[in-house]
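Biologist: I am new to this structure and would like a close look at one part of it. Please describe that part first and then work outward from it.

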Amino acid sequence: MASWLLRSTTSTLRKLPVAFSGKSTGVLVGRRNFGSMDAGQKLDPCSCEDDYRDTVYQNQDLDFPGGKIPLTSQMKFISEASDKRLPCYRVLNDDGSLISNSIHEQIGQEVAVNMYSAMVTLKTMDTFLYEAQRQGRISFYMTSFGEEAINIASAAALSPHDIVLPQYREAGVLLWRGFTVQECTNQCFGNKDDKGKGRQMPVHYGSKKHNVITISSPLATQISQAAGVAYSLKMDKRGTCAVAYTGDGGTSEGDFHAGLNFAAVMEAPVIFICRNNGWAISTPVHEQFRSDGVVAKGLGYGIRSIRVDGNDVIAVYSAICAARNIAISEERPILVEAMTYRVGHHSTSDDSTKYRPTNEIEYWKTARSPVARFRKYIQRNGWWSDDKESELCSYVKKQVLQAIKTAEEMEKPSLTELFTDVYEQMPPNLQEQEMSTRDTIKKHPKDYPIDAHV
Amino acid sequence: MSGSIGRTMASGKISTLNKFLMGSRVFASRTYSSTAKEMMTVRDALNSALHEEMSADPKVFVMGEEVGEYQGAYKITKGLLDKYGPDRVIDTPITEAGFAGIGVGAAYYGLKPVVEFMTFNFSMQAIDHIINSAAKSNYMSAGQINVPIVFRGPNGAAAGVGAQHSQCYAAWYGACPGLKVLAPYSSEDARGLLKAAIRDPDPVVFLENELLYGESFPISAEALDSSFSLPIGKAKIEREGKDVTITAFSKMVGYALQAAEILAKEGISAEVINLRSVRPLDRPAINASVRKTSRLVTVEEGFPQHGVGAEICASVVEESFEYLDAPVERITGADVPMPYAANLERLAVPQVEDVVRAAKRVCYRSSN
């Protein structure tokens, strides 16, 4: 299997120098051998291919730390951009038909229908919880509108034993793994059933049971952490991988650089999935980076990368399946750039109509909807119908509304939870503080509405 | 057996480097008695602790810049790469933020990383991971993610290294709930506290001192045993006294002990407390001492505002106000970024004379 991969990826790379050479006929320097590298080994000398003939002296290589490098006496800058952007892997047409002769994973009826239902559930949960925030019932919310395919299809392609480190727009991954709508809602309301014990603002989910690391607000920290997790998994010989998600904006953070660089050097089995949805709050991608998106950055770290249509369930599913296999069997990181569009606002604190045209949002919401596209596919296959659609929609709506009602009416966590988990064992000073707090509440009940919590 | 490892290390390693460093400003203080036959440098103490903990627990691993092939920028990790291999001793690319994040990620998964910062000054580039990814994680994840990580490295002023290499971070890290912050002084402290830190399930910031690495201290057989560890959160009374309490940590403990010697000759009996633990602070021990002596001088190298001494002073005023016979005095570093010129640097850090004069002031034996 490895040699098949070698052949196919070698041929893919052979095309790259053309894409990169651009107008100034810059030459792509070096071509990696795909065996793993120790610190002591050098890169293989670049073979003289047709593209290089005019600029490279045959058989003349210079020895430098890091390996041999072919000489050229022509001063040529490698272009910063090529006329052709790196292509995007897509399998499903907008009308739900498969592109002929496409390579992809076969997805059976059950998995396909489950994925579709999960996408609808995610979308419905987002709709109602967003509304709940607007009504002042929760303090904050973030939706994943437009990115349902990335969420669900990537989760479905992973093993439940793979460790996921999300950013914040991947609630669908949790839903796929079995975290319920009720559990999500409990977290948003911070009630006593919240698995997060009321510690975090809404949508900052986490579940050890589902191998999803708790969401942390500082951007991109999960990327370098994922390299660490992957390294540990490799040392433990688990046969699983780590998966870190980020948006296009997160790739500007230092942690992105460190995480990818390290993962490559440490040969760690980690998949970095970038949801390039075009916007980082109000910053469009053109103001975020000047590279050809995020996939082009992979080469800079020596990381195998792919760009995929993030709104195409089957393409995402297939790409992640392949990425996972490579990451684990070859012990290397993979970068996946999933192209999509952030249909919703960044969060409830944002009004994106202030910085982008409403007709653009409307277009992506309808004409390019990943949910609608996949629905067409499963209906074409006879796995879905309008009746099933209305049945699902009303069921999910009922489920979400009930979850919100239950979560809202539930008591808040006990006072003790203010003081637990700061350390593994509650230290004496916190025990004292808890006692003294309870004492104060007893003495001044008017100041503390204790009926609201346990 | 580890006792013999300890003995081998102690006898072989009083090096020329040690002698060079000892030529500067710090002297070993041997005023406390011990029945120990062995002497051990702080460097060897830390090194032996790392060896023993890595040997005892396969989940423990070391990472940082130059920790492997180079044997450590200050040779604290010497011999570890040869013995435990590159899987457990990782030379990282240069990114404090990066390797702190990676270490935290490994700890999330269940390994026990010991992350070295070449100096805690560089930890500022990783401080988000230390605080937001490590310290707060257990709490924010409701106990699902604990982070058994140790961040260690030299802290505070060295000699002639200027402002960006000389800051003391005890007060900053000591303020943060979720962290434990330790500051060893002697070799016994170094061994016992580092072992405790590695075994602890919570994130620990372990503040060493570059100038102490080469200093030799007597070490007991008990401390040389591989199962030895010191409790976190307990200070040590280095010298008993009855007239004034002097608290200090790290290198300043040595200064406080020297000051106590000088004060003894003038009839002032000083009690010197080696904090060992900045967070949690051993408030009971400090207050008990002040209730005995009625006077307090706190000593630290770091900046005065919001320093460790400020916290100790507040604690004593809150809990032992009626026992105080004089206002608390804080001896700290100067409120300036550390200058480089030798004379200016000397003025910017506490000297033994400063501690002596402060003790005399609180004893009303002088007005200056």
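Modeller: In helix 3 of chain A, the buried residues are Glu148(A), Ala149(A), Ile150(A), Asn151(A), Ile152(A), Ala153(A), Ser154(A), Ala155(A), Ala156(A) and Ala157(A). Buried means under 20% relative accessible area, exposed over 50% and partly exposed in between, with a 1.4 Å probe and protein chains only. Helices (H or I, at least four residues) and strands (E, at least two) are DSSP runs numbered from the N terminus. Helix 3 spans residues 148-157, and 10 of its 10 residues are buried, so it is largely enclosed by the rest of the structure.

The model is predicted, and local features need pLDDT of at least 70, side-chain atom pairs 80 or more, while totals for chains, interfaces and linings use all residues. Residues are numbered from 1 along each chain as its sequence is written, chains are lettered from A and ligands numbered from 1 in the order written, and side-chain values use heavy atoms, without hydrogens or water.

Just outside this helix, Glu147(A) forms a salt bridge (a side-chain nitrogen of Lys or Arg within 4 Å of a carboxyl oxygen of Asp or Glu) with Arg275(A), their closest N and O atoms being 2.8 Å apart. The two residues are 128 apart in the chain: Glu147(A) sits in the loop between helix 2 and helix 3, Arg275(A) in strand 5 (residues 270-276) of chain A. Both Glu147(A) and Arg275(A) are buried. Elsewhere, Arg90(A), Asp94(A), Asp309(A), Asp312(A) and Arg373(A) are joined into one network by salt bridges that share partners.

Another long-range pair is Asp292(A) with Arg85(A), at 2.7 Å between the closest N and O atoms. These partners are 207 residues apart: Asp292(A) lies in the loop between strand 7 and helix 8 (295-301), and Arg85(A) in the loop between strand 2 (67-70) and helix 2 (109-134), in chain A. Asp292(A) counts as buried at 18% relative accessibility, whereas Arg85(A) is exposed at 53%. A search of the whole structure finds 51 salt bridges over all chains.

The backbone has some unusual spots as well. Ile281(A), which is not a glycine, has a positive phi of about 50°. Ile281(A) is in the loop between strand 6 (279-280) and strand 7 (283-284) of chain A, and is partly exposed at 42%. Ser250(B) also has a positive phi, near 60°, but is buried, with a relative accessible area of 8%. In chain B, Arg279(B) and Pro280(B) are joined by a cis peptide bond with omega of about -5°. Pro280(B) belongs to the loop between strand 12 and helix 12 of chain B.

Pro280(B) leads to a site that takes in both chains. The second largest pocket has a volume of about 1,000 Å³. On a 1 Å grid over the protein atoms alone, a pocket is an open set of points with protein on both sides within 12 Å along at least five of seven lines, and lining residues have an atom within 4 Å of a point. Grid points are joined across faces, edges and corners, and a volume is the space filled by probe spheres set on them. Of its 36 lining residues, the closest to the centre are Asn429(A), Pro280(B), Leu281(B), Asp282(B) and Arg283(B). Helix 13 of chain B gives the largest share of the lining, five residues.

How values were computed:
1 Å grid on protein atoms, 1.4 Å probe; cavity = no way out; pocket = protein on both sides within 12 Å on 5 of 7 lines; lining within 4 Å.
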